[in-house]
Every structure is written in structure tokens, then in C-alpha cells.
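Here's a quick briefing for anyone meeting this structure for the first time. Have a look at the model, then read on for the strands, helices and contacts.

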Amino acid sequence: MSTIRRVLQSALNAPYPKRTHACAQLSAALAGTDVVLAGWLLPERKISNVLSFFPIKDASGTAQLVVRRNNLNHLASLSHVPVESSVLIQGRVSERPVKDRRPSSAGDVEVHVDAFTVLNPADPVLPFYPSDDQTLANDELRARFRYLDLRRPALANNIRQRSIVSRLVRHSLHAEGFLEVETPLLLKSSPEGAREFLVPSRLSQGSQNDTPLFYSLPQSPQQPKQLLICSGAVDKYFQFAKCFRDEDGRKDRQPEFTQIDLEMAYVAWGPHLNSPNDGWRIGGHEVRAVIESLIGDIWQNVQGIRLPSSFNVMTYDQAMSRYGSDKPDTRFAIEIENITSRLPHHHQTSLANLGEILETLVVRRSEIAFVRANEQCQPTDEPTVTRIVLTNSNLSSWLCELVSPAIDPEHHTTLNNVLRLSVGDTLYVSRRHAVPKGASTPLGRIRTRLSESAQNIGDYVPPPYPHFLWVTEFPLFTRSDPDKEFLARGRWTSTHHPFTAPMWQDITAMYDGRIDQVRGQHYDLVLNGTEIGGGSVRVHDAAMQEYIFSHVLQLDESEKATFNHLLQALRCGAPPHGGIALGFDRLMSILCKTQSIRDVIAFPKTSVGTDPLFKSPATVSNDVLSQYGIQGIRT
């Protein structure tokens, strides 16, 4: 027995029989066939002293092994092989009894084992067992041993699904005449928005004053893809682009991520003569059509759902006014209502003078799915929001505590009728700037919180059909993006990026200095309240681009110098162009129905950007730093 145990606990370093089938390929059609399987041995289910069942798992699925012991064979020793060991199985396929068949792949057959070989034994005690679906290890442990975690069927299926979708994307875009072109990863730092990852270069040795030189990793391939279109060599470009952003740790963000990146020449700058009157008043119709077709192909082939040929369109102002979000979830009907125009004239005037409006979100007692979530919702973290539960005593006076002077009962009655209010309804009332800013309003955040709470409780189950939505006409410039303040330093910043074109109707306002009135030809694609992509028509006029850099964004000469090559390319007859990027990781998390994008990435970082498996980021020695002209700071 000791000799057998040594064999079972040693890796095989010798030739072995070739695998004939993957587990998922086994079927009743192979009954009576001798097969060779290779995979990971899972826990034994012992039926008697002479009979045991073992599952064997490979990348395709799982099959059941039947082991019958007697004194003339060595199969009993399979019980001593550690779980998760790599083994080779030789045996014969047999149909399972009808009552024992399973709907899974290979679920109607089993393999009667004739011989086995341990290819590489697992340690007797592992950090955790991916086959144990009753006890899921914590996130930190699974991240440290990600290669073991990837054996779990859920994660393995996600990775396989990702490959399937990437193949679909390539097929669909190639059929549309797109060329897949790779762009550089080592570029120059430029003030485009997010913080960048810098890569030191040994080229700094010998540069002026031996000043260290750095590459930056691209936040997106924005400039290379525009230059590619400017060249005329490529009319329609795409790639699965690796992007990098050194952002503060946030839930479900990754410092490196993948996007489906597209750019097209000669996109429209406004509606075509035959454009549908569906609210799309900007250019980029060609990009829209490609994306709607691509998304339709993905959902048809992966989910079996036929989407409409075109998606609904909503402006930024409409989204913020009705839903309080620039990426609204339109699956549930609770909407925000602006009640300013229903107030007495002097209240309207007072609010107008302040540049404010009064709006409300009503949760009706008849909306059963949101009753308990509403009871738990206390907007203590939204100081501008007041929560009012209507009773018989305040039905004709609920506004009096919010505005001064008090509003008479007749106005309350009119407003109650307009809002269709009843005793037991709850109102969330808020004053805000009349011109929406940023990504959400206080009532929009309340609306999102109600939905999330109702789903967590189990009272609200969103409809399964996907709600796609285009959001357009964003403000071209902003002072309300805290993520860009480190670059802006009080200046205007681009809502999207500095290469987004203004709507042609607002060009005069931009040159007149009415910056807050300028809308961009920017479009976001939203699915069920999640932004899955964004793009724009680009500035192709070098004079306009230089004006935006100098007079709107107020870049200094060193900042503008990082874009000189782009300005020169625009002066070389660059065509009007535009594009979009779809967040591939986010898209896959939705398709795989998982809450975290880490579940669809083979080797993800944590929410704070660290990698417990590869132990990155990590320090390097001063000797290494000195090669790049960098000196460590002692603290």
C-alpha cells in the first residue's frame, strides 16, 4: 500500500494515453465505447464496499465515473487520490438507468472505470475546494488563489461566454466592413480626464539634465484611433482595447479594463433628411446603427432575445428631469415631477430668481412592490430632500412646511389632483438647480435606492426584457465632475473628453463664451440603469479644437503641446468622424447575470486596485529605480 500511495502522490513525468473525449461530449450515442478522459477528480460518493461514484470535471463539464472494486484490480486506490487531482481515466461508456439521468451534459451516461493514472496529485489539504458549492470561500482567499477559484463552474462558464461574445463581436463588425487594428499601449501623458499610469523609461539616461522620461498607459485609444481615421488608411476601425485609469478605489471598478472600441469616418453632424423623428437630434447616426445591430446580434445569439431595430432616445435634460440620473433605469415607472409651475405665481418667481425648481417623487401606497422599501427609506444623507407621508391631517397643507408664505388649501387640492395623491402615499420633495448638473439629482438617488432596496427585500423583480436607452445632448463642458478636479483646478473640463464636438446649433454660444449653454454631440448607451458605452462625434476642425483647448479649457502651453500632433492631423484634411466604446467587462457581467465585473475577468484586481495573486503593485529596489533615473523618497 505504501508503494501505491507514493505513486498516487507523485506527478507523472512520462507518456500517457491521449484523451479521446471531453466530458461534455459523452452521450448515449457512445454507449459501449471505450474512452479516455482527463480532468480533475471530485469527491467520492461511496455506495458500498465494492461500489463508488466519482465525478470527473474538465473545462467542458462533468461526467460520472463508476468504480467497482475487487481483489484483482487496483481501482480501490482511487479513493486515496486527493480531491482536485489531475487524473486520466480509461473506461467504457454506459447509459444510466432512466431514473438516474440528469439534464446536464453527459447526464444520461456514466463511465465504468477500467484503469486510472494520476497525472498530478493535488495537495491533501487545499486553501478551499472549488467543487464545494455549499461553502464559498471569502473574496480575499479566492483572489489569492484565483487559479483555483476559476475551476468553479460559474466562473469557468463566464470566461467561456466572454470568448463566445468576443467572437460574435468580431464577426458582426467584420461583416460591417470594420478593420481590427491594434494601437500603442506606451504613449505620452496628456490631460484628457482620469489619472494615468506612468511607465518609466531607461531612455531618460542621456536626456537633457538626465530628467526621467515616462510613458503613460492609455485611458483609452482616443488619439490613436482618431489619427488612424485622419490617415485615410482605415474607414472603419475597431479593437478590443486594453485601457488603464489610476482612479481611487471604488466598488466594481478595475484599474485595467477592456472596451470594444470603434471609430468611423464621415459620420453625420446632424439629422439626415430621412432620419426618424425619435429624438436623436445630433450626429453619429452611423455609429448608432452599427451599435444597435451589434447589440442585437449579441442578445439574439447569447440570450435568445430579439431586440427592437432601434433603441429609445432621451436627452440628458429629460433623463435628469424625469429620472434624476444620466443613466436612468426605465424598467419601473416611478418618475420625478417638476411641480414649480403648479405653485402660486409669487413662489414661481421666487424660485426662478434663485435659479431653482421644486420637484417631487411620489411612492403610492398602491405600488406594492415598493411599499416596504419606501418604509425603510429615510433620506438623512440627502439634506435637500424632505419625506412626507400623506395623512388626513396634512393632505391639504403638506407643502406649507417647504415654502413660504404658506399655500392655501385650494392650491393643495389642485396639486393633489394633478399628482393623483391619496392618503397613505409618500412624497419626497426637493429643491435643486433648474439646470441639472452632474450624474444624478437628490431625488434620482432616492429613486435608485428605492429600487435597490425593493430588489434586496425581494418585493420587486425587474422585468427580464432588457431596457436599452440612448442618452444624448450632454453638456459639453462641466465644473461638476470631482473625478477631474485634479486636472481642472477651477477651470472648465470636458464632460466626455476634449475632442467631442458641440451640437452645430450651439457653436455660436461656445464662441460667444456662453459655455454652460453648449451641448455636445455625445451619446451614452444605457441598459437597465447601467452605462455600457459612450461615444461622440469628434471635432474635425483644427481651429475649433484649438479654440476649445485655449479659450474654453484654458490649457497652458505645455498641456496644449501634448495635442500638437492631433491638431496637425486635423489640418491635413481629416474627415468628419466619430465613434464609441462599449465597456466589455460591464457588458459581460450583465450577460452572465453577475453583480461584479471581477466575475467575468480571468485575473481581476480588487476594488482598490491590488492583486493578491501576483502581489502587485509592489516595491522595486533602488538599484532598479536608478536605471530609470528615479530616486526613492525616504520617509
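Let's start in the middle of a sheet: strand β11 (residues 256–265) is joined to β22 by 7 bridges, and the two run antiparallel. Keep in mind that this is a predicted model, where local features need pLDDT of at least 70, side-chain atom pairs count only at pLDDT 80 or more, and totals for chains, interfaces and linings use all residues. Residues are numbered from 1 along each chain as its sequence is written, and side-chain values use heavy atoms, with hydrogens and water left out.

A few terms first:

- Helices (H or I, at least four residues) and strands (E, at least two) are DSSP runs, numbered from the N terminus.
- Two strands pair if DSSP finds at least two bridges between them.
- Buried means under 20% relative accessible area, exposed over 50%, and partly exposed in between (1.4 Å probe, protein chains only).

**The eight-stranded sheet**

- β11 and β22 belong to an open sheet of 8 strands with mixed pairing, in the order β7-β10-β11-β22-β21-β20-β17-β12.
- The edges are β7 (179–180) and β12 (312–315), each with a single partner strand, so one side of each has no neighbour in the sheet.
- Across the β11 pairing, Leu 262 sits opposite Ile 580 in β22.
- Ile 580 is also the bridge partner of Gly 535, and 5 bridges join β21 to strand β22 (residues 577–583) in an antiparallel run.
- On to strand β20 (residues 522–527): 6 bridges link it to β21, again antiparallel, and here Tyr 523 stands opposite Gly 535.
- β20 and β21 make a hairpin with 2 residues between them, and Asn 528 in the turn has a positive phi of about 50 degrees.
- Strand β21 (residues 530–537) has 6 of its 8 residues buried, so the rest of the structure largely encloses it.
- Helix α6 (residues 285–303) lies across β11, β12, β17 (468–472), β20 and β22, running at about 25 degrees to β22. For such angles, axes are lines fitted to C-alpha atoms (for helices over the stretch in contact), and angles run from 0 to 180 degrees between N-to-C directions.

**Strand β3 and its partners**

- 7 of the 8 residues of strand β3 (residues 51–58) are buried, so this strand is largely enclosed by the rest of the structure.
- Strand β1 (residues 34–41) pairs with β3 in the antiparallel sense over 2 bridges, with Leu 41 opposite Ile 56.
- Strand β2 (residues 45–46) also pairs antiparallel with β3 over 2 bridges, and Arg 45 faces Phe 53 there as its opposite number.
- β2 and β3 form a hairpin with 4 residues between them.
- β3 and strand β4 (residues 61–68) are paired antiparallel over 8 bridges, and their hairpin has 2 residues in between.

**Two crossing helices**

- The axes of helix α9 (residues 368–376) and helix α11 (residues 442–457) come within 8 Å and cross at roughly 115 degrees.
- α9 and α11 are therefore roughly perpendicular (under 35 degrees counts as roughly parallel, over 145 as roughly antiparallel, 65 to 115 as roughly perpendicular and the rest as oblique).
- Contact (heavy atoms within 4.5 Å) involves residues including Phe 370 and Arg 372 of α9 and Leu 450 and Ile 457 of α11.

**One exposed residue**

- Glu 410 lies in helix α10 (residues 409–419) and is exposed, with a relative accessible area of 55%.
- Glu 410 and Ser 396 are 14 residues apart in sequence and 7.9 Å apart in space, C-alpha to C-alpha.
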